[in-house]
Amino acid sequence: MPAPEPTRQSLVIAGLNVNVYSQRNATSPDKPVVIMFLLHGRNGTAHRMLEFVQGIFEEVYTHRESCRGRGPEAHDLYIVTFDHRNHGKRLVDKKANQGWFDDPEQDNPRHAIDMYSIQTGTAHDVSYLVDFLPPYLFPNEERTISQFVCVGKSLGGHSTWLVLRNEPRIKIGVPIIASPDYLALMSRRARSHKLPVGPPYFPKSLLDLIARADPVAAPYTAADASNPFLGKKILVLSGQDDKKVPWATAAKTFVENLNVGEGGVKEVIIESGVGHLFSPAMVKECARFVWEHALAV
């Protein structure tokens with residue numbers, strides 16, 4: 001039996017267009033709801049994430065059907081998408097989403113500043129929506145939200161790492177083809193264009209911000225409360241042949257040394273033969289991880 005087509009509820013929260021997808025009658029109406037933020041990549045849009053919304057729901061539906069009648073009913077799932085800052089319906093300056101190019105018509109000298117501001121802004125938007133989605137979705141306390149989950153691809157994956165580092169209310173995350181170390185990622189790109197990792201391409205004020213807020217700047221190997229990743233459940237998905245965000249230089253050192261503690265979970269899957277892509281296999285693994293750690297609890 002095919003999975004039911006997800007339904008979409010449109011919300012406008014202080015001018016931010018938010019899409020909330022769910023599967024009608026997936027659970028009894030008194031079951032708690034897990035809200036997953038699904039974040040798109042650079043030059044993407046919320047609308048273009050629909051195929052991944054559908055893929056995740058299809059996988060979750062398969063898990064539901066296989067477990068039906070065996071044990072307690074799993075929690076419901078809502079998937080939330082929105083356009084990142086300067087993307088989709090929020091687009092103001094197209095060049096600000098571009099990278100460094102030799103062609104001056106295409107070149108964006110502020111690439112390092114723009115990209116960090118966008119991924120940081122998206123992480124802030126996630127925290128903002130954690131505050132305001134409950135009253136907009138359930139004004140009469142119709143449902144209980146059991147937890148929030150953050151999943152993101154590429155630029156959205158960078159934002160997911162920022163959320164996991166800076167938002168204590170989100171305990172589960174799936175960064176996909178993404179980097180938790182902005183300078184490791186961008187200094188490699190800068191060198192390929194013979195640009196300095198310094199002003200004006202990397203202003204000192206930007207470097208100071210990265211040193212305060214980036215995931216790699218946190219005490220991520222510590223075994224005490226200073227480590228914001230302790231107790232978090234993280235699935236890292238990367239493509240072995242990814243040239244844009246190479247696993248070996250942009251994420252490996254951080255992820256291998258990341259300490260999530262005894263109560264946390266760290267899974268890493270590097271898919272062979274896959275480049276900078278949110279592959280069908282990654283969709284399955286993402287849904288499986290969320291099922292195991294958020295829904296079937």
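Pro-200 sits in the loop between H4 and H5. In this predicted model, a cis peptide bond joins Pro-199 and Pro-200. Omega there is about 0 degrees. Most peptide bonds are trans, and most residues other than glycine have a negative phi.

The phi rule has its exceptions here too. Lys-194 lies in the loop between H4 and H5. Its phi is positive, about 60 degrees, although Lys-194 is not a glycine. Lys-194 follows H4. With a relative accessible area of 75%, Lys-194 is exposed, because the exposed class begins over 50%. Asn-25 belongs to another loop, the one between strand S2 (16–22) and strand S3 (33–39). Phi of Asn-25 is near 60 degrees, again positive in a residue other than glycine. Asn-25 has 70% relative accessibility and so counts as exposed.

Now step back from the loops to helix H4, residues 182–192. Which of its residues are buried? They are Tyr-182, Leu-185, Met-186, Ser-187, Arg-189 and Ala-190. An α-helix has 3.6 residues a turn, so residues three or four places apart point the same way. The buried residues of H4 pack against H2, H3, helix H5 (204–213) and helix H6 (247–250).

Take the H2 partner next. Two packed helices are described by the angle between their axes and the distance between the axes. For H2 and H4, the angle is about 150 degrees and the axes are 11 Å apart. The two helices are therefore roughly antiparallel to each other, since the cut-off for that class is over 145. H2 passes H4 in a right-handed crossing. On the H2 side, the contact is made by His-111, Ala-112, Met-115, Tyr-116 and Gln-119. On the H4 side, Tyr-182, Leu-185, Met-186 and Arg-189 meet them. The residues of this contact divide into six nonpolar, two polar and one charged.

H2 also packs with helix H3, residues 155–166. How do their axes cross? They come within 8 Å, at roughly 55 degrees. That makes H2 oblique to H3. The crossing of H2 and H3 is right-handed. From H2, the contact takes in Met-115, Tyr-116, Ile-118, Gln-119, Thr-120, Thr-122, Ala-123 and Val-126. From H3 come Leu-155, His-158, Ser-159, Leu-162 and Val-163. By type, the contact residues of H2 with H3 are eight nonpolar, five polar and no charged. Met-115, Tyr-116 and Gln-119 appear in the contact with H3, and they appear in the contact with H4 as well.

From these contacts, move to the nonpolar interior. The largest nonpolar core has 41 residues. Val-18, Phe-37 and Leu-133 have the most contacts inside it. Helix H2, residues 111–137, gives the most to this core, with 10 residues. A second, separate core has 32 residues, including Val-60, Ala-74, Ile-172 and Phe-289.

Leu-133 is found in helix H2. It is buried, with a relative accessible area of 0%. Leaving aside residues up to four places away in sequence, Leu-133 touches Leu-11, Ile-13, Val-18, Val-20, Ile-35, Phe-37, Val-80 and Phe-138. Val-18 and Phe-37 are thus among its contacts. Leu-133 and Gln-147 lie 14 residues apart in sequence, and their C-alpha atoms are 12 Å apart in space.

What does Phe-37 touch beyond residues up to four places away in sequence? From H2, its contacts include Val-126, Leu-129, Val-130 and Leu-133. Val-80 and Phe-82 are also touched by Phe-37. Phe-148, Val-149, Cys-150, Val-151 and Ile-170 complete the set.

Finish with Thr-81, in strand S4, residues 76–81. At 0% relative accessibility, Thr-81 counts as buried. Outside residues up to four places away in sequence, it touches Asn-17, Val-18, Asn-19 and Tyr-21. Its contacts also include Leu-38, Ala-46, Met-49 and Val-53. Val-18 links this picture back to the largest core: Thr-81 touches Val-18, and so does Leu-133.

Definitions and conventions:
Residues numbered from 1 in each chain as written. Predicted model: local features only at pLDDT ≥ 70, side-chain atom pairs only at ≥ 80, totals over all residues. Heavy atoms only, no water. Core = buried A, V, L, I, M, F, W, Y, C linked by side-chain atoms within 4.5 Å. Buried < 20%, exposed > 50% of the residue type's maximum accessible area, 1.4 Å probe, protein only. Helix = DSSP H or I, 4+ residues; strand = E, 2+ residues; numbered from the N terminus. Contact = heavy atoms within 4.5 Å. Axes fitted to C-alpha atoms, helices over the stretch in contact; angles between N-to-C directions. Parallel < 35°, antiparallel > 145°, perpendicular 65-115°, else oblique. Left-handed = near helix turned anticlockwise from the far one by under 90°. Nonpolar A, V, L, I, M, F, W, Y, C, P; charged D, E, K, R; others polar.
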